[in-house]
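Got the structure open in your viewer? Here's a short tour, stop by stop, with something to select at each one.

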Amino acid sequence: MGESERSRAREVTAVRTALELGYRLVDTAEMYGEGGAEQVVGQALGDSIEAGTVSREDVFVVSKVYPHNASRKGVPQACRRSLARLRLERLDLYLLHWRGRVPLRETVEAFEELRAEGLIARWGVSNFDMADMEELWQLPSGPQCALNQVYYSASERGVEFDLLPWQQDRGVPLMAYCPIDQGALAGDPAFARIAARHDATAAQAALAWVLRRQGVIAIPKAQQARHLEENLGACGVRLTDRDLAEVDQSFPPPSRKKPLAMT
């Protein structure tokens with residue numbers, strides 16, 4: 001979202017519709033539309049608060065900083081720009097979008113300063129694999145990391161080999177982006193068969209598969225009202241052992257370490 005002024009009104013409506021339906025977490029980043037997506041979220045959230053649909057406290061807002069802005073000086077500057085576009089005084093969660101050249105210690109120290117200042121409630125990371133998380137945990141404030149956002153879906157299960165169990169052991173939630181594999185699983189035959197047994201859609205079954213995991217959050221992208229409603233309906237789908245076995249047959253769990261999927 002946020003890449004074209006021509007689609008701005010439609011995108012603001014999509015976010016407002018999501019809030020009206022009951023969505024309470026919004027994920028964005030300074031990279032998306034070079035700030036345009038944050039502006040969309042800011043306008044939609046502001047309009048929704050003014051209309052009485054939600055209060056600021058109802059909605060958990062996540063944004064991310066570019067790696068090249070992740071220095072001690074760059075992080076607070078980027079954060080303030082994001083807050084201005086979002087029309088907020090504080091972010092609920094601020095993530096390093098992916099690792100770059102800035103030393104991790106410097107980024108973490110900048111995050112901690114933002115937290116002390118009250119500009120963010122929590123900080124975390126995105127696209128961090130096992131070695132990255134282990135390095136992070138060696139830093140004095142590393143274990144303050146609140147979350148890791150990675151690509152995770154039935155067709156991209158690599159994180160299950162080591163990263164997901166490691167995070168679960170430490171109580172660090174995993175936020176799954178592309179949980180329907182960029183829409184591909186909405187047409188998958190295995191998930192279609194599973195969905196038919198639950199009076200659901202294949203996309204809902206694929207989302208339910210991700211959501212069944214302890215400490216896993218899914219953030220599927222959607223703009224159309226019917227997709228927003230469909231995705232939200234996945235929360236009511238409870239997969240059986242038979243369903244899970246069929247998923248494993250079509251998408252086997254990893255038997256060895258694999259590179260972290262990214263998009």
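The tour below goes from the sheet to the helices packed on it, then to a few single residues, the cores and a helix pair. Keep in mind that this is a predicted model.

**Stop 1: the sheet.** Select the strands and show them as a cartoon. You'll find seven of them in an open sheet, ordered β1-β2-β3-β4-β5-β6-β7, with parallel pairing. Now pick out β1 (25-27) and β7 (216-219): these are the edge strands, and each has a single partner, so one side of each has no neighbour in the sheet. Look along the strands for the twist: on average, neighbours in this sheet are turned by 25 degrees against each other, ignoring direction.

**Stop 2: β2 against β3.** Zoom in on residues 60-65 and 93-96. These are β2 and β3, which run parallel and are joined by four bridges. Which residue of β3 is the bridge partner of Val 65? That's Leu 96.

**Stop 3: helices on the sheet.** Add residues 104-117, helix α4, which packs on the sheet and touches β2, β3 and β4. The direction of α4 makes about 170 degrees with that of β3. Next, add helix α6 (residues 163-170), also packed on the sheet, where α6 touches β5 (148-151), β6 (174-177) and β7. Here the angle between the directions of α6 and β5 is about 160 degrees.

**Stop 4: Ser 126.** Select Ser 126, which sits in strand β4 (residues 123-126). Is Ser 126 buried or exposed? Buried: its relative accessible area is 0%. Setting aside residues within four places in sequence, Ser 126 contacts Leu 95, Leu 96, His 97, Trp 98, Asn 148 and Gln 149.

**Stop 5: Ala 78 and Asn 69.** Go to Ala 78 in helix α3. Ala 78 is buried too, at 0% relative accessible area. Draw a distance from its C-alpha to that of Val 65: the two atoms are 6.7 Å apart, with these positions 13 residues apart along the chain. Beyond its neighbours within four places in sequence, Ala 78 contacts Glu 30, Val 65, Asn 69 and Tyr 94.

Follow that contact to Asn 69, in the loop between β2 and α3 (74-86). Why does Asn 69 count as buried? Because its relative accessibility is 16%, and the cut-off for buried is under 20%. Again leaving out neighbours within four places in sequence, Asn 69 is in contact with Glu 30, Gly 74, Val 75, Ala 78 and Arg 81.

**Stop 6: the cores.** Show side chains for Tyr 94, Met 133, Leu 136, Tyr 152 and Phe 191, which touch the most other members of the largest nonpolar core, a set of 69 residues. Helix α8 (residues 202-211) gives this core its largest share, eight residues. Another core, of 10 residues, lies apart from it, and includes Val 62, Leu 95, Tyr 177 and Ala 261.

Back at Met 133, select what's around it: not counting residues up to four places away in sequence, Met 133 touches Val 125, Phe 128, Cys 145, Asn 148, Leu 163, Trp 166 and Gln 167.

**Last stop: α1 with α9.** Select residues 8-21 and 225-233. These two helices, α1 and α9, pack at about 35 degrees with axes 10 Å apart, and their crossing is right-handed. On the α1 side the contact uses Ala 14, Thr 17, Ala 18 and Leu 21; on the α9 side, Ala 225, Leu 228, Glu 229 and Leu 232. Colour the contact of α1 with α9 by class, and you get six nonpolar residues, one polar and one charged.

Terms used. Residues numbered from 1 in each chain as written. Predicted model: local features only at pLDDT ≥ 70, side-chain atom pairs only at ≥ 80, totals over all residues. Heavy atoms only, no water. Axes fitted to C-alpha atoms, helices over the stretch in contact; angles between N-to-C directions. Left-handed = near helix turned anticlockwise from the far one by under 90°. Contact = heavy atoms within 4.5 Å. Nonpolar A, V, L, I, M, F, W, Y, C, P; charged D, E, K, R; others polar. Core = buried A, V, L, I, M, F, W, Y, C linked by side-chain atoms within 4.5 Å. Buried < 20%, exposed > 50% of the residue type's maximum accessible area, 1.4 Å probe, protein only. Pairing = 2+ DSSP bridges.
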